[in-house]
Amino acid sequence: MNEVERMPRQPKAEDLRVGLISWAGSYLTFETYKNTVTATAKGLGRRQTWEILVSNKHDTQAVVRLRGLQGFYLLCEADGSLCYGRPRTSHHGCFLIRFHRSGKWTLQCIISGRYLESDGEDVFCTSRALSAYHMWTPRPALHVHVILYSPLNHCYARADPTMGRVWVDAPVPCLKECGFLLHFQDGCYHLETSAHTFLSHLDRLVSQPSTQTAFHMQVRPGGLVALSDGEGGMLYPQGTRLLLSLGSNPHGGEEWLILQHCPTWVSLRSKTQKFLSVVYDVEVCAASEHITPMSLFQFECDNKSPTLQLRSANGCYLAQRRHRRVMADGHQLESETFFRMHWNCGRIILQSPSGRFLGIAANGLLMASATIPGPNEEFGIRLANRPFLALRGRYGYVGTSSEHDLLQCNMDQPDCIHLLPCRQGIYHFQAQGGSFWSITSFGTFRPWGKFALNFGIELQGSNLLTVLAPNGFYMRSDRSGTLLADSEDITKECIWEF
């Protein structure tokens with residue numbers, strides 16, 4: 001395996017983001033209309049999300065600033081009040097975070113020495129005597145569909161439904177079994193596999209969440225987490241096969257895992273129905289009628305740019321080389337690895353840096369030859385490691401609520417949307433109970449339809465997509481909380497994180 005793949009990447013901005021929960025169970029919140037900070041919100045949204053910017057870090061503490069998604073900072077004033085703005089001095093807005101064994105954090109203002117606290121509604125810094133009111137529980141704010149990487153073993157966690165275990169043995173997280181849903185409930189976390197089983201304290205996968213599947217989490221800025229049972233047992237890889245299980249004696253920090261958003265891996269199919277695959281280490285051709293790990297490519301795309309990079313399971317990127325050949329031997333910063341993507345009825349067209357379009361030559365090799373794209377330059381694309389979607393929009397996750405009969409888009413936890421592939425770019429959306437999504441004449445959705453409808457999916461970024469609903473409009477989130485399909489154009493509210 002390529003060494004680049006084995007090394008953990010630098011943390012992304014989303015890995016540094018958390019929600020901070022007070023002793024009263026409410027979240028530290030930026031109030032837009034007052035330019036102040038409170039602790040009244042009961043859920044984790046955009047105004048409750050804080051990026052932890054570390055300037056100095058030790059094992060049990062770190063000097064940090066807290067920055068909201070709007071770009072402003074949490075600031076402590078001389079009178080102990082808190083506001084939201086830009087620092088006026090080098091230490092203004094700096095806090096000393098201490099990481100407590102309970103998993104909670106305390107935040108002490110560097111200038112005044114006073115602790116951040118809440119009375120259940122207001123937030124202030126007035127006391128130098130530490131108490132339970134100063135304790136804050138960090139909750140990772142990244143998308144709930146995650147992967148777990150062990151920096152000590154250089155491998156990812158992988159659920160094994162046959163054995164009913166989780167192993168930390170996957171060098172590349174390209175399989176659906178490497179993805180987990182991280183559920184937050186009553187201050188604890190439940191790890192759900194792609195087969196909808198749960199990791200338990202007994203080291204086995206079980207069918208239902210319970211107190212035996214609830215783990216306490218310690219969080220460090222940058223995505224490092226450690227999971228425990230709350231009674232002294234820590235979750236870490238053990239034995240020669242690296243079984244992820246509870247133990248009481250981790251060595252060398254092996255209990256620390258890096259929590260990352262589950263990456264998007266896709267398969268690409270030519271017009272002859274052959275999958276693009278990497279053969280002989282670096283050659284790329286359309287030769288296989290069946291998907292293998294070497295037929296999978298990580299879809300890496302910045303939604304602010306129409307360019308795409310495709311990383312193979314060998315750790316290298318597809319790149320245009322001499323004589324217009326495309327090889328799987330590129331590196332992340334090479335300009336030859338960036339391809340412009342175009343969409344045509346659910347199929348993807350890739351344009352190389354030279355301006356030519358990728359297609360399949362007579363010998364089956366992937367080449368950048370055509371000046372005008374045709375059917376030979378169109379590739380069917382399918383999500384390879386996503387049997388379901390968990391969609392998050394501007395106001396929260398898509399899911400059901402006991403208070404509404406329509407699907408909502410402002411939920412704290414998502415409902416899984418099971419994907420039933422129909423044809424290129426088209427999927428049927430199936431609800432968790434086995435029924436199908438249905439759409440009303442008002443462009444709203446219900447999750448108990450009897451008949452499967454067609455939904456079009458187009459990837460807009462590494463973990464971003466748009467959904468074209470059966471009524472011909474794009475699905476979007478609405479401030480009211482109701483999921484709607486009424487947009488003719490792609491707006492910010494039509495972009496879904498998955």
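The following dialogue considers how certain terms apply to this predicted model.

Reader: What makes the link between the side chains of Gln460 and Thr466 a polar contact?

Author: The two side chains are 3.1 Å apart at this contact. The cut-off for a pair of N or O atoms is 3.5 Å, so the value of 3.1 Å satisfies it.

Reader: Where is Gln460 found, and which residues is it in contact with beyond its neighbours in sequence?

Author: Gln460 belongs to strand 45, residues 455–461. Setting aside neighbours within four places in sequence, Gln460 is in contact with Cys301, Asn303, Leu465, Thr466, Ile490 and Ile495. The word "contact" applies because each has heavy atoms within 4.5 Å of Gln460.

Reader: Why is the set that includes Leu28, Leu66, Leu74 and Leu116 called a nonpolar core?

Author: A nonpolar core consists of buried residues of listed kinds, Leu among them, joined through side-chain atoms within 4.5 Å; therefore Leu28, Leu66, Leu74 and Leu116 may belong to one. This largest core has 54 residues, and those four have the most contacts inside it. Apart from it lies another core, of 48 residues, which includes Val266, Cys301, Ile417 and Tyr427.

Reader: Which residues does Leu28 touch?

Author: Among the residues that Leu28 touches, not counting those up to four places away in sequence, are Leu66, Leu74 and Leu116. Arg47 and Gln48 are also included.

Reader: How do you know that the space lined by Val266, Trp343 and Gly346, among others, is a cavity?

Author: A 1.4 Å probe fits in a cavity but cannot get out, so the name records an enclosed space. By this rule the count comes to two cavities of 30 Å³ or more. The largest holds about 90 Å³ of space, and the second largest about 70 Å³.

Reader: What is the make-up of the lining of the largest cavity?

Author: Its lining has seven nonpolar, two polar and two charged residues. Gly346 and Gly425 are in this lining; Gly counts as polar, and therefore these residues fall in the polar class.

Reader: Which residues line the second largest cavity, and how do they divide by class?

Author: Glu14, Asp15, Arg17 and Arg220 are among the residues of that lining. Asp, Glu and Arg count as charged, so these residues belong to the charged class. The full division is seven nonpolar, one polar and four charged.

Reader: What is known of the second largest pocket, and which strand supplies the largest share of its lining?

Author: The second largest pocket has a volume of about 400 Å³. Strand 20 supplies the largest share of its lining, four residues.

How values were computed
Residues numbered from 1 in each chain as written. Predicted model: local features only at pLDDT ≥ 70, side-chain atom pairs only at ≥ 80, totals over all residues. Heavy atoms only, no water. 1 Å grid on protein atoms, 1.4 Å probe; cavity = no way out; pocket = protein on both sides within 12 Å on 5 of 7 lines; lining within 4 Å. Points joined across faces, edges and corners; volume = space filled by probe spheres on them. Helix = DSSP H or I, 4+ residues; strand = E, 2+ residues; numbered from the N terminus. Polar contact = N/O pair within 3.5 Å; in protein donor to acceptor, adjacent residues only side chain to side chain. Buried < 20%, exposed > 50% of the residue type's maximum accessible area, 1.4 Å probe, protein only.
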